[in-house]
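Biologist: Got a minute to walk me through this one? I'd like to go topic by topic.

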Amino acid sequence: MTAPLSTRYTRLLGIEHPIVQEGLGPFRTPKIAAAVSNAGGLGTVSMPGMPEDLRAGARTFRDHIEECASLTDRQFAVNIPVGVDAAGEVVEFTDVYIREVLAAREADAGLAAKLTVLTTSAGFPGPYIRMIKDAGMLHQHKVGSTRQAVKSAEAGVDVVLAAGFEMGGHAPASRMHTFVVVPSITEAVDVPVLLTGGARDGRTLAAALAMGADGVALGTRFILSTDNTDWHPRYLEALLAAREGDDVAFDGVYGPCRGLRNEASTALLEHAAPGDPTEAIRRKIESMQRAQTEGDTEHSLVMTGQVASAITELITIAEFVPGMAAEARKVLDALASGN
């Protein structure tokens with residue numbers, strides 16, 4: 001029997017496997033999140049877009065959280081990007097969504113026992129670190145540079161997600177890749193670190209641990225699962241068909257975004273989005289949602305990491321998560337024994 005793959009991260013959260021589902025908005029993620037948590041990892045419910053009526057968006061987010069809680073008796077997380085305006089101030093949607101999460105936990109002790117982790121990304125979450133901690137949640141923050149990691153850890157963040165530029169969706173503006181940035185971050189901070197960007201199997205989990213990380217976060221790999229029945233099949237088909245070089249980084253919502261090269265992403269590369277910046281962001285999010293809901297993979301933005309080029313089949317999350325951990329353990333044991 002393979003020994004459990006215990007790390008500082010699994011011990012901090014009390015989960016079985018150091019495997020986390022990345023934020024996968026802006027559409028429905030409760031089923032994926034519950035499946036990952038049920039399999040012994042940590043699932044994540046993502047923020048469902050940015051409608052003009054933010055209160056309505058927050059209610060949808062709460063519905064998704066409650067759906068996830070109904071599908072698992074284990075811990076799960078939520079993911080909320082920190083939007084920052086030109087003056088460096090946190091924009092309204094971040095405040096509304098974070099407060100909605102905390103209110104949901106306060107109103108329901110059973111939900112609070114499951115929803116234990118809040119992940120932030122994009123801008124610095126300084127104004128919310130104490131608020132999240134005081135609510136009794138663990139706070140993870142995604143960064144793209146060693147400087148950001150140190151700043152976050154010193155401010156009190158519990159876990160740092162070290163993001164490489166190969167990741168899908170909102171990629172780091174620093175454009176550093178995991179093989180460079182992860183070892184630098186793990187050397188610079190004392191809190192647990194998760195690698196995000198490029199992980200897809202036990203070998204890549206073993207590699208992350210060898211670089212000093214305490215686990216990995218995966219996005220594209222979990223999109224391409226039989227558990228993901230909410231997203232349009234054509235979206236999954238497009239990712240399965242992707243090959244090396246079919247992805248591209250373009251001007252996204254909070255900085256660079258990575259997705260498939262198609263008419264929509266090419267248009268953003270060739271022309272800046274016109275009009276009010278907030279409206280331009282909303283249009284991009286709506287385009288991402290259309291790809292996920294309607295399957296328009298040519299005229300809408302299709303978020304994916306470079307790892308899609310290496311994935312050729314769907315997995316079942318209940319089998320994949322423990323299998324990934326077991327494979328990583330075997331790889332590490334083989335290296336230690338010289339076999």
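Biologist: Which residues does Ile 185 touch, not counting those up to four places away in sequence?

Modeller: This is a predicted model, to begin with. In it, Ile 185 touches Val 143, Ser 145, Thr 146 and Ala 149. Val 160, Ala 162 and Val 193 are also touched by Ile 185.

Biologist: And which residues of the largest nonpolar core touch the most other members?

Modeller: Ile 185 is one of them. The others are Ile 65, Val 101, Phe 222, Tyr 235 and Ile 317. That core holds 88 residues.

Biologist: Where does the largest share of this core come from?

Modeller: From helix 4, residues 92–107. Helix 4 gives seven residues.

Biologist: How many residues are in the other core?

Modeller: It has 12 residues and lies apart from the 88-residue core. Among its members are Leu 13, Val 20, Leu 138 and Leu 161.

Biologist: Why would nonpolar side chains be found together like that?

Modeller: In soluble globular proteins, nonpolar side chains tend to be buried together.

Biologist: On to sheets. What is the strand order in the sheet of eight?

Modeller: The order is 1-9-8-6-5-4-3-2. The sheet is open and the pairing is parallel. Strand 1 (19–21) and strand 2 (43–46) are at the edges. Each has a single partner strand, so one side of each has no neighbour in the sheet.

Biologist: What does the twist average?

Modeller: From one strand to the next, the average is 30°.

Biologist: How many bridges does strand 1 make with strand 9?

Modeller: Three, in the parallel sense. Strand 9 covers residues 215–218. Val 20 has Ala 217 in strand 9 as its bridge partner. Val 20 also belongs to the 12-residue core.

Biologist: Which strands does helix 2 touch?

Modeller: Helix 2, residues 30–38, packs on the sheet and touches strand 1, strand 2 and strand 3 (76–82). The direction of helix 2 makes about 165° with that of strand 2.

Biologist: Let's switch to helix 14. What does it reach from its first C-alpha to its last?

Modeller: It reaches 30 Å, close to the 30 Å expected at 1.5 Å a residue. Helix 14 runs over residues 317–337, 21 residues.

Biologist: Which residues of helix 14 are buried?

Modeller: Ile 317, Phe 320, Val 321, Met 324, Ala 325, Ala 328 and Arg 329. They cover an arc of only 165° around the axis, so they sit on the same side of helix 14. Ala 318, Glu 319 and Lys 330 are exposed on the other side.

Biologist: What do the buried residues pack against?

Modeller: Strand 1 and strand 9, along with helix 2, helix 9 (202–210) and helix 10 (220–223).

Biologist: What follows helix 14?

Modeller: Gly 338, with a positive phi near 80°.

Biologist: Now the sheet of three strands. What is its order?

Modeller: The order is 7-11-10, with antiparallel pairing in an open sheet. Strand 7 (169–170) and strand 10 are the edge strands, and each pairs on one side only.

Biologist: How many bridges join strand 10 to strand 11?

Modeller: Five. Asp 247 has Leu 260 as its bridge partner in strand 11. Strand 7 and strand 11 (residues 256–260) pair over two bridges.

Biologist: What stands opposite Phe 250 in strand 11?

Modeller: Cys 257. His 170 stands opposite Cys 257 too. Gly 169 stands opposite Arg 258.

Biologist: How many residues of strand 11 are buried?

Modeller: Five of the five, so strand 11 is largely enclosed by the rest of the structure. Strand 10 is mostly covered, with four of its five residues buried. Helix 12 (residues 263–270) lies across strand 10 and strand 11, at about 45° to strand 10.

Biologist: What is between strand 10 and strand 11 in the hairpin?

Modeller: Four residues. In this hairpin, Gly 255 takes a positive phi near 145°.

Biologist: Last one. Is Glu 244 buried or exposed?

Modeller: Exposed, with a relative accessible area of 73%. Glu 244 is in the loop between helix 11 (233–241) and strand 10 (247–251). Its C-alpha is 30 Å from that of Thr 120, and the two residues are 124 apart in sequence.

Technical notes. Residues are numbered from 1 along each chain as its sequence is written. This is a predicted model: local features need pLDDT of at least 70, side-chain atom pairs count only at pLDDT 80 or more; totals for chains, interfaces and linings use all residues. Side-chain values use heavy atoms; hydrogens and water are left out. Two strands pair if DSSP finds at least two bridges between them. Axes are lines fitted to C-alpha atoms, for helices over the stretch in contact, and angles run from 0 to 180 degrees between N-to-C directions. Contact means heavy atoms within 4.5 Å. Buried means under 20% relative accessible area, exposed over 50%, partly exposed in between (1.4 Å probe, protein chains only). A nonpolar core is a set of buried Ala, Val, Leu, Ile, Met, Phe, Trp, Tyr and Cys residues joined through side-chain atoms within 4.5 Å. The expected span of a helix is 1.5 Å times one less than its number of residues. The arc is that of the directions from the helix axis to the C-beta atoms.
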